[in-house]
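This report introduces a protein structure to a reader who has not met it before. The sequence and the structure are shown first, and the description follows.

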Amino acid sequence: MARAIIKGTGSYTPPKVLKNDFFEAVGSNDEWIYSHLGIKERRIVDGEVTSDLASKAGLKALENAGITSKEVDLIIVATSTPDRQAPSTACFVQEKIDANHAVAFDISAVCSGGIYGLAIGSQFIQTGMYKNVLVIGADTFSSITDWSRKDSVFFGDGAGAILLSATVEDKGFIDFKLHADGTGKMHFNIPAGGCEIPASEETIKNGLHYFQMNGKEVYSTATKVLPECINEILEANQMKSDDIDWVIPHQPSIRILKEVAEKVNIPFEKVMTNMDKYANTSGGTIPIVLDETYRSGKIKEGDTLLFAAVGSGWTWGTAIYKV
């Protein structure tokens with residue numbers, strides 16, 4: 001059976017920078033934000049929407065892969081901040097990059113969106129249904145952030161894209177382990193705007209279109225399920241932590257990533273981070289980190305990569321990739 005390989009990567013973040021000193025007005029400060037979260041600044045859209053970010057990242061991935069938009073068979077956009085409730089943001093992207101032959105749809109797994117999207121895209125490659133699958137993680141959390149609250153420090157806007165293709169060689173995505181637990185759905189959610197609580201003057205007045213987060217539950221859940229899932233995928237593939245060359249994780253906070261790395265016995269210098277520049281870009285985190293790590297020259301042929309993410313839902317997952 002064919003395996004899915006990463007043929008190209010690309011990323012895009014808006015030019016507008018929002019530094020930590022902005023949050024002194026809501027009772028936070030640069031020292032606390034950087035020491036606890038690892039964030040120095042984040043990027044914020046100014047006139048752009050999620051499909052703009054996704055399209056720019058997608059075109060960079062196609063250029064990196066050396067293929068045209070006409071060769072793309074499928075576009076998967078992982079986002080929790082779509083342009084509209086309908087149609088899918090992926091359809092906006094399809095038009096913007098002129099990939100008129102591609103099937104297009106969105107998925108919603110919040111911060112796990114990147115890894116969920118890669119798992120789905122890989123299945124289409126493995127079955128032979130499609131040859132070139134463009135997986136994009138993109139979010140504009142600034143549109144669902146109440147900037148008067150302390151938790152507004154966590155997120156930034158950005159998009160990353162990964163072009164998947166097929167190989168029969170002994171490389172590519174080896175395995176995925178995906179999980180979900182709906183009992184944790186209220187610990188990170190956007191209450192209004194769906195059919196449960198439709199938009200109204202009252203929901204807008206009460207700020208119910210902004211995200212709500214239980215930070216303690218996010219931390220305790222992430223530091224529990226990610227080590228379990230990493231150990232699960234390593235054991236399933238008869239591997240040890242020493243076999244991992246680089247970890248490409250979602251970017252929840254520096255403290256979460258350090259605790260997870262310690263629990264699975266992986267040196268933190270192997271864990272790739274960029275939250276100092278972009279904060280948490282939700283669905284965009286993993287593809288952005290991957291693109292930057294590839295372009296840095298750190299990843300070499302024969303390396304083994306471990307992907308890991310946890311998000312609202314709860315959702316979480318891991319993947320192993322051989323370069």
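## Annotated domains

UniProt positions are given here in the numbering used for this structure, feature names are shortened, and an annotation may be inferred rather than shown by experiment. With that understood, the unreviewed UniProt entry lists "domain: Beta-ketoacyl-[acyl-carrier-protein] synthase III N-terminal" at residues 105-182. The structure itself is a predicted model. In this model, residues 105-182 are 18% helix and 40% strand, and the C-alpha atoms at the two ends of that stretch are 23 Å apart.

A further annotation in the unreviewed UniProt entry, "domain: Beta-ketoacyl-[acyl-carrier-protein] synthase III C-terminal", covers residues 234-322. Here the chain is 33% helix and 22% strand, and a distance of 13 Å separates the end C-alpha atoms.

## Overall form

The protein contains nine helices and 13 strands. Its C-alpha trace spans about 55 × 45 × 35 Å along the principal axes. For 323 residues, a compact globule would have a radius of gyration near 20 Å, and the value of 19 Å for the protein agrees with this.

Of the 323 residues, 57% count as buried. Contacts between residues at least 6 apart in sequence can be sorted by their separation along the chain: 76% of them join residues at least 24 apart.

## Surface and charge

The protein exposes about 13900 Å², and carbon and sulfur atoms supply 50% of that area. There are 31 positive and 41 negative charges, and the mean positions of the two sets are 2 Å apart.

## Asp 106 and its surroundings

Asp 106 lies in strand S5, which covers residues 103-107. Is Asp 106 buried or partly exposed? Its relative accessibility is 25%, so Asp 106 counts as partly exposed.

Leaving aside neighbours within four places in sequence, Asp 106 is in contact with Val 77, Thr 79, Pro 82, Ser 88, Thr 89 and Ala 90. Cys 91 is 15 residues from Asp 106 in sequence, and the two C-alpha atoms are 8.6 Å apart in space.

## Two cis peptide bonds

The peptide bond from Ala 86 to Pro 87 is cis, with omega near 0 degrees. Pro 87 belongs to the loop between strand S4 (74-78) and helix H3 (89-96).

Another cis peptide bond runs from Gly 313 to Trp 314, with omega near -15 degrees. Trp 314 is located in the loop between strand S12 (304-311) and strand S13 (315-322).

## His 187, a contact of Trp 314

Trp 314 also appears among the contacts of His 187. His 187 itself is in the loop between strand S8 (172-180) and strand S9 (188-189). With a relative accessibility of 24%, His 187 counts as partly exposed.

Apart from neighbours within four places in sequence, the residues in contact with His 187 are Gln 212, Met 213, Asn 214, Glu 217 and Trp 314. Val 225 is 38 residues away from His 187 in sequence, with 15 Å between their C-alpha atoms.

## Positive phi angles between H8 and H9

The loop between helix H8 (275-278) and helix H9 (285-296) holds Ala 279. Ala 279 is a residue other than glycine with a positive phi, near 60 degrees. At 1% relative accessibility, Ala 279 counts as buried.

Ser 282 is found in the loop between H8 and H9 as well. Although Ser 282 is not a glycine, its phi is positive, at about 55 degrees. Ser 282 is buried, since its relative accessible area is 0%.

## Ser 253 in a loop before H7

Ser 253 sits in the loop between strand S11 (246-249) and helix H7 (254-263). Its relative accessible area is 5%, so Ser 253 is buried. Which residues does Ser 253 touch, not counting those up to four places away in sequence? They are His 36, Leu 37 and Met 275.

Methods. Residues numbered from 1 in each chain as written. Predicted model: local features only at pLDDT ≥ 70, side-chain atom pairs only at ≥ 80, totals over all residues. Heavy atoms only, no water. Helix = DSSP H or I, 4+ residues; strand = E, 2+ residues; numbered from the N terminus. Rg over C-alpha atoms; globule rule 2.2 N^0.38 Å. Buried < 20%, exposed > 50% of the residue type's maximum accessible area, 1.4 Å probe, protein only. Contact = heavy atoms within 4.5 Å. Areas by Shrake-Rupley, 256 points an atom, 1.4 Å probe, with all protein chains shown as cover. Lys, Arg positive; Asp, Glu negative; His and termini not counted. Charge placed at Lys NZ, Arg CZ, Asp CG, Glu CD.
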